[in-house]
Amino acid sequence: STIAASAMLLQFVVGLASLFYLPFIFSIVLLVIFLSATGLTLGIRKRIAHLLIAIFEWGSDVSESEEQVSESVGETREETAEEQPAPIRKRHSSSDLRIIKREHSELIDSKLLGQDVLKKKSTVSVLVDDSLDFISAGIESIIEDNVTSRFSAEQLPSWNLLSRTKYTFMHISPKLTILWILGFYFRYLILVPIRVCLFCVGMASMVFITSAVGYVPNKAVKKWLNRRAMLTSMRIFSRSFSSIVNFHDRHNRATQGGICVANHTSPMDVMILSCDNCYAMVGQKQGGILGFIQKSLSKAEHHIWFERSEAKDRMAVSNRMREHVEDPTKLPIIIFPEGTCINNTSVMMFKKGSFEISETIYPVAMKYDSRLGDAFWNSSKQSYGEYMWMMMTSWAITADVWYLPPMTRMEGEDSIAFARRVKKAIAKAGGLVDLEWDGALKREKVSNKLIALQQKLYFERLSTRTSMCSEITDDSIDILKNMSEDDRNQLFKCLDEADDDNAVIRKVSEFIPEVAALVTEAVKAEE
Amino acid sequence: MGASTSSLPAGELDRISIESGLSKQSVLTLYKRFLQLSTHRERDSGQYFLTKEDFLNIEELRLNPLGVRIIDAFFADAEVGEREKVYFYDFVKVLSHFRPINKNKPHLWNTREAKLRFAFTMYDLNKSETITKDEFKNILQMMIGANVSDEQVNSIADRTMREADKDNDGYITFQEFCHAMEKTDIEQKMSFHFLA
């Protein structure tokens with residue numbers, strides 16, 4: 001009977017639709033063009049988004065209560081041995097493990113960095129204890145590790161009525177199925193045609209208007225026209241994907257050239273950022289349609305397109321970018337230093353190349369809300385075309401953009417440290433996790449150096465915590481800790497990797513009289 | 001969309017859930033993870049499996065000094081070791097050792113003894129059911145690397161054997177191992193709360 005009802009409803013809707021369909025679509029397209037050109041907004045997308053989210057939550061509550069009913073009939077609930085604090089009322093779905101509490105790995109990390117307080121124990125018990133912790137941390141990483149999970153799409157707490165985010169084990173009630181069917185028709189029959197029209201209009205306007213603007217002789221007018229054209233086209237594009245973007249701290253926007261740096265989640269990052277400010281784009285010269293678009297854009301403004309051969313020459317690339325950046329009449333460049341799309345739960349290592357071009361960087365943090373549509377592009381799983389289609393058939397793309405105040409390289413700071421500092425700021429602003437992992441790691445292996453470093457850290461921990469080394473080294477390490485930072489740095493400069501224990505002790509005692517005293521004492525004790 | 005669309009058949013799910021004592025949600029979570037890690041598939045049965053390389057793809061596991069040992073533990077079972085493929089059942093069997101102990105519902109796979117046995121196989125390289133001084137030195141060296149001289153490693157290993165080896169026969173048997181670990185809170189160390 002539910003199927004019959006749904007069929008009747010459908011027939012009614014189709015009848016209505018065919019009458020009003022085309023005029024409806026065209027009027028919406030015209031409205032959008034008007035809004036984009038003037039930069040106004042009616043707030044319709046936001047209201048629809050709120051409505052949708054309310055529907056999703058109702059839907060998941062419905063199915064959760066139905067699931068509980070069926071479960072309590074079938075199984076007895078398991079009580080775990082320890083009391084867990086009552087979680088917020090989310091479904092106990094299997095997909096909730098997006099970021100598990102990595103207790104054992106955190107314990108190892110705190111041990112290695114000397115942050116835990118441990119009484120002096122016998123070497124043996126420490127070693128065995130630690131080996132168990134290493135084992136548990138290893139098993140934990142088999143269940144979830146920081147790198148692999150960053151590259152698969154984020155998990156959602158409640159189903160958003162898109163079959164692409166369906167869980168493998170979820171109770172689908174009839175109510176939810178009807179909702180899904182309605183949603184499906186709404187998306188494919190109403191949203192998609194509007195969006196496709198808008199996309200074509202946006203593309204046409206961008207290409208033709210910028211080509212036309214290229215013929216304007218007056219530079220100032222040209223710049224102003226280009227700005228209007230690009231902003232309008234980008235806004236039309238962003239509406240064609242129903243993107244809802246919130247811009248924060250707009251006073252920090254880059255206006256006079258310079259480099260903007262942002263974290264990367266999807267190919268639409270540029271489009272979203274361009275809705276608010278005009279940027280010069282950087283990329284490789286492509287052939288075909290993309291190449292045609294690139295050429296048209298370049299007629300109205302300076303963009304940086306590299307030949308494939310040029311792109312390999314890092315010096316040439318940075319020189320060209322530097323030239324552009326130092327010219328105040330040119331638009332700011334937008335660069336994504338991660339080098340690849342990350343799933344927007346964290347920020348991976350920034351490549352230092354972009355940070356060598358200029359002393360000042362304008363960081364921008366972007367965070368997508370995946371409740372209405374996941375913008376993350378997993379380039380190893382989806383082709384570009386598939387991805388675009390997915391975006392067009394989602395509910396909406398929600399994003400927050402924070403403009404951070406410009407950051408300047410500090411005295412004596414090298415590019416890597418500068419990059420790390422900027423990355424930290426971006427991660428903090430966007431509420432993303434700051435990871436040291438290299439984005440290229442998802443394709444390559446880790447070097448032995450990191451393994452050696454891990455071993456070295458562990459050794460250092462043991463030597464300060466156990467009775468493994470002689471008394472002298474223990475106390476001198478205490479003294480070292482109490483030294484001022486400057487003194488310590490100076491001391492380390494004197495020491496050499498190749499020095500053996502005696503040489504180290506000698507050098508340290510020369511530097512610090514207290515240690516010399518200890519040495520003479522110990523020598524006397526041995527005699 | 002590859003692996004994410006395949007799901008565990010319901011019969012399998014029930015069987016594994018009952019045998020391992022894990023809840024269905026946990027089994028499914030592990031299955032998702034298993035699919036994420038697996039890069040091979042059996043041609044005739046369509047079953048996914050893990051090889052040693054798949055484990056080594058996990059960077060954090062490679063960084064872990066005992067990483068290789070942990071991987072070996074998955075291949076410790078004679079059958080699994082021979083075919084060099086870890087099926088989902090084998091995967092779950094090993095991981096279920098780390099389920100927290102539920103006093104009301106004791107289960108064979110995650111008793112204190114089972115956990116200790118798992119730790120024991122970490123040390124016992126040649127599966128002789130005993131830990132020799134050399135095997136202990138082996139683990140020690142994996143954790144510390146080349147930072148410590150051979151004599152020091154030796155002396156630590158000596159100290160350990162002296163403490164643990166009650167009958168002084170040069171080997172640590174499983175009973176002696178359990179006895180030495182009496183004071184350690186194994187339940188807390190080798191359990192994951194999220195594996196219910």
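**Exercise 1.** Which residues of H2(B) are buried? Work this out for the predicted model shown above.

*Solution.* Start by finding the element: helix H2 of chain B covers residues 24–37. Next, check its length. With 14 residues, H2 spans 20 Å between its first and last C-alpha, close to the 20 Å expected at 1.5 Å a residue. Now apply the cut-off for buried, which is under 20% relative accessible area. The residues that pass are B:Gln25, B:Ser26, B:Val27, B:Leu28, B:Thr29, B:Leu30, B:Tyr31, B:Arg33, B:Phe34, B:Leu35 and B:Leu37. That is 11 of the 14 residues, so H2(B) is largely enclosed by the rest of the structure.

**Exercise 2.** Find out how many disulfides the structure holds, then look at two cysteines of chain A.

*Solution.* Recall that a disulfide is a covalent bond between the sulfur atoms of two cysteines. To count, a pair of sulfurs must lie within 2.5 Å. Over all chains, the structure holds 0 disulfides. Take A:Cys200 as a case: its nearest cysteine sulfur belongs to A:Cys197 and is 6.8 Å away. Finally, compare accessibility. A:Cys200 has 46% and therefore counts as partly exposed, while A:Cys260, at 1%, counts as buried.

**Exercise 3.** Where in chain A is confidence lowest, and where is it highest?

*Solution.* Begin with the whole chain: the mean pLDDT of chain A is 70, and 61% of its residues reach 70 or more. Then go to the elements. Helix H15 (residues 471–482) of chain A has the lowest confidence, at a mean of 50, and strand E2 (residues 259–262) of chain A the highest, at 90. Last, look for weak stretches. Among them, residues 71–100 of chain A stay under 50 in pLDDT, as do residues 114–120 of chain A.

Conventions
Residues numbered from 1 in each chain as written. Chains lettered and ligands numbered in written order. Predicted model: local features only at pLDDT ≥ 70, side-chain atom pairs only at ≥ 80, totals over all residues. Heavy atoms only, no water. Helix = DSSP H or I, 4+ residues; strand = E, 2+ residues; numbered from the N terminus. Expected span 1.5 Å × (residues − 1). Buried < 20%, exposed > 50% of the residue type's maximum accessible area, 1.4 Å probe, protein only. pLDDT = per-residue confidence, 0-100. Contact = heavy atoms within 4.5 Å.
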